[in-house]
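Biologist: I have a new structure open and no idea where to begin. Could you walk me through how to read it?

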Amino acid sequence: MNRSTEETLWTTEEVGHRYDRLSRVPELLAFGESLHFGYWEDPHDEGDLSDAMGRLTDLVIGRLDVGSGSRVLDLGCGVGGPAVKLAATTGAEVVGVTVSREQITKATGLARAEGLAGQVVFQYADAMDLPFDEGSFDAVFGLESIMHMDRPGVLRQIARVLRPGGRLVLTDETLRAPFPPERAEDDETVAGYLRANMIRSLARPEEYQDLLAGAGLVPEAITDITDRTVRPTFRTLWRQANDRLDTILNDLGSPPAAVAEELRGWQRLAEIPEFGYLLISAHRPNR
C-alpha cells in the first residue's frame with residue numbers, strides 16, 4: 001500500500017486546534033480572508049494568490065445557483081471570506097460552521113465589518129454531526145474541508161440537511177493514481193503533507209460517483225482541475241511564504257527547520273502528478 005493512501009484519524013479537537021493556530025495565516029501571507037487553493041485560467045500564470053483564491057470561490061459560488069431568499073451552509077468556513085462573498089454577491093443567507101473557535105471569532109468580525117451580521121452567521125459545529133433539521137438548506141458548499149472527515153458520513157449529513165433539489169458544490173484533494181514502487185520518495189512527500197495538515201485520507205476520482213450516490217445524492221459533475229489549481233498554487237505559495245518567512249516564524253512560533261522543510265515540500269508537491277484536485281457538484285433528488 002502507498003503511504004499516501006493510509007487513513008489517519010484525527011480528533012475534532014486536534015483539527016480545531018490546528019485551525020486555531022492557522023487563523024492568522026491569511027493575514028500574514030496577504031491572502032485576504034481565504035485559506036484554500038487558487039484557480040488560474042492560465043496554469044502558467046503565477047500571479048497574486050489572493051486573486052486566484054477569489055476566482056476559485058467565484059467558481060464554486062457560480063455552481064451553487066442561489067440568490068436572495070436562499071439559505072446556504074458553508075461546511076468548514078475558515079475565517080469567513082467565501083461565505084461573506086457569497087452573501088454579498090447573491091443576497092443569500094449563509095451559515096458557516098467550523099471546529100475552530102478562533103476562526104469563528106475572525107469570521108464573525110469580518111461579517112460585521114462588511115455590514116452582513118445577521119445575514120451571515122458562524123458557529124461551532126462538527127460536520128459529522130450537523131445540528132440542523134432535515135431540509136434546512138437550499139445549498140451546501142465546502143472548500144477543502146471534507147478531506148479532514150469520513151467522506152461517506154459527512155456526505156450523508158449533507159444529504160440530510162439539503163432540501164429536495166438542493167445543491168452541493170465542494171472541492172477535494174485527491175490521489176489521481178497510485179505511486180509506482182520506484183517513486184517512494186514522492187509517495188512519502190504526499191504522505192507527509194497529509195500528516196502536517198491533518199488530512200484523513202485522499203479519495204480517488206473514480207470513487208466519487210459511488211460516494212455521492214451512497215449518501216443519497218445525485219452526482220452532476222466531478223471535474224479534475226489540478227493543472228489550474230495545485231501546480232500554480234504551490235509554486236506561488238512557496239514564493240509568497242518564503243518572502244514572509246520571518247513574520248510567519250515569529251507569529252506562529254514554529255521551529256525554523258520544520259517550516260523550511262514544509263516549504264520545500266510545497267515545491268515538490270507542485271511537480272507530483274499523482275496529487276490532484278477535484279471540483280464536485282451534486283444534488284439531493286426531488287422526492
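**Reading the model, step by step**

Modeller: Let's start with one residue: M198 is buried, since its relative accessible area is 16%, and buried means under 20%. Keep in mind that this is a predicted model.

Biologist: Where in the fold is M198 located?

Modeller: M198 belongs to the loop between α7 and α8 (208-214). Its backbone is worth a look too. Most residues other than glycine have a negative phi. M198 has a positive phi, near 50°, and is a residue other than glycine.

Biologist: Which other residue that is not a glycine has a positive phi, of about 55°?

Modeller: Try E144, with its positive phi of about 55°. E144 lies in the loop between β4 (137-143) and α6. E144 counts as buried because its relative accessibility is 10%.

Biologist: Let me step back. How many helices and strands does the protein have?

Modeller: Count 11 helices and seven strands. Of the 287 residues in the protein, 53% are buried. You can also ask how far along the chain the contacts reach. Taking contacts between residues at least 6 apart in sequence, 79% join residues at least 24 apart.

Biologist: Now a helix. How do I check its length against what is expected?

Modeller: Compare the distance between its end C-alpha atoms with the span expected at 1.5 Å a residue. Helix α7 (residues 184-196) has 13 residues and should span 18 Å; its end C-alpha atoms are 18 Å apart, so the two agree. For helix α3 (residues 49-64), 16 residues reach 23 Å from first C-alpha to last, close to the 22 Å expected.

Biologist: Which residues of α7 are buried?

Modeller: In α7 those are D187, T189, V190, A191, Y193 and L194. Just after α7 you meet M198 again, with its positive phi of about 50°.

Biologist: And which residues of α3 are buried?

Modeller: The α3 set is L49, A52, M53, G54, L56, T57, V60, I61 and L64. After α3 comes D65, with a positive phi near 55°.

Biologist: How do I describe the way two helices pack?

Modeller: Look at how their axes approach and cross, then at the residues that meet. The axes of α3 and helix α4 (residues 81-90) come within 10 Å and cross at roughly 55°. That angle makes α3 oblique to α4. The crossing of α3 past α4 is right-handed.

Biologist: Which residues of α3 and α4 meet?

Modeller: From α3, G54, T57, D58, I61 and L64 meet P82, K85, L86, T89 and T90 of α4. G54, T57, I61 and L64 are also on the list of buried residues in α3.

Biologist: Now a strand. Is D172 buried or exposed?

Modeller: D172 is buried, because its relative accessible area is 1%. You'll find D172 in strand β5 (residues 162-175). A good next step is to list what a residue's side chain pairs with. The D172 side chain makes a polar contact of 2.8 Å with the side chain of R151, and another of 2.6 Å with the side chain of Y208.

Biologist: What else does D172 touch?

Modeller: Setting aside residues up to four places away in sequence, D172 touches I146, M147, R151, A203, Y208, G276, Y277, L278 and I280. You can also compare separation along the chain with separation in space: D172 and H148 are 24 residues apart along the chain, and their C-alpha atoms are separated by 10.0 Å.

Biologist: What about L162 in the same strand, β5: buried or exposed?

Modeller: L162 counts as buried because its relative accessibility is 0%. Beyond its neighbours within four places in sequence, L162 contacts G135, F137, D138, A139, V140, R167, L168, L217 and R284. L217 is 55 residues from L162 along the chain, with 9.8 Å between their C-alpha atoms.

Biologist: One last case, Q157. Where does Q157 sit, and what does its side chain pair with?

Modeller: Q157 is in helix α6 (residues 151-161), and its side chain makes a polar contact of 3.2 Å with the side chain of R160. Q157 counts as buried because its relative accessibility is 14%. Outside its neighbours within four places in sequence, Q157 is in contact with A127, M128, D129 and L130.

How values were computed. Residues numbered from 1 in each chain as written. Predicted model: local features only at pLDDT ≥ 70, side-chain atom pairs only at ≥ 80, totals over all residues. Heavy atoms only, no water. Helix = DSSP H or I, 4+ residues; strand = E, 2+ residues; numbered from the N terminus. Buried < 20%, exposed > 50% of the residue type's maximum accessible area, 1.4 Å probe, protein only. Contact = heavy atoms within 4.5 Å. Polar contact = N/O pair within 3.5 Å; in protein donor to acceptor, adjacent residues only side chain to side chain. Expected span 1.5 Å × (residues − 1). Axes fitted to C-alpha atoms, helices over the stretch in contact; angles between N-to-C directions. Parallel < 35°, antiparallel > 145°, perpendicular 65-115°, else oblique. Left-handed = near helix turned anticlockwise from the far one by under 90°.
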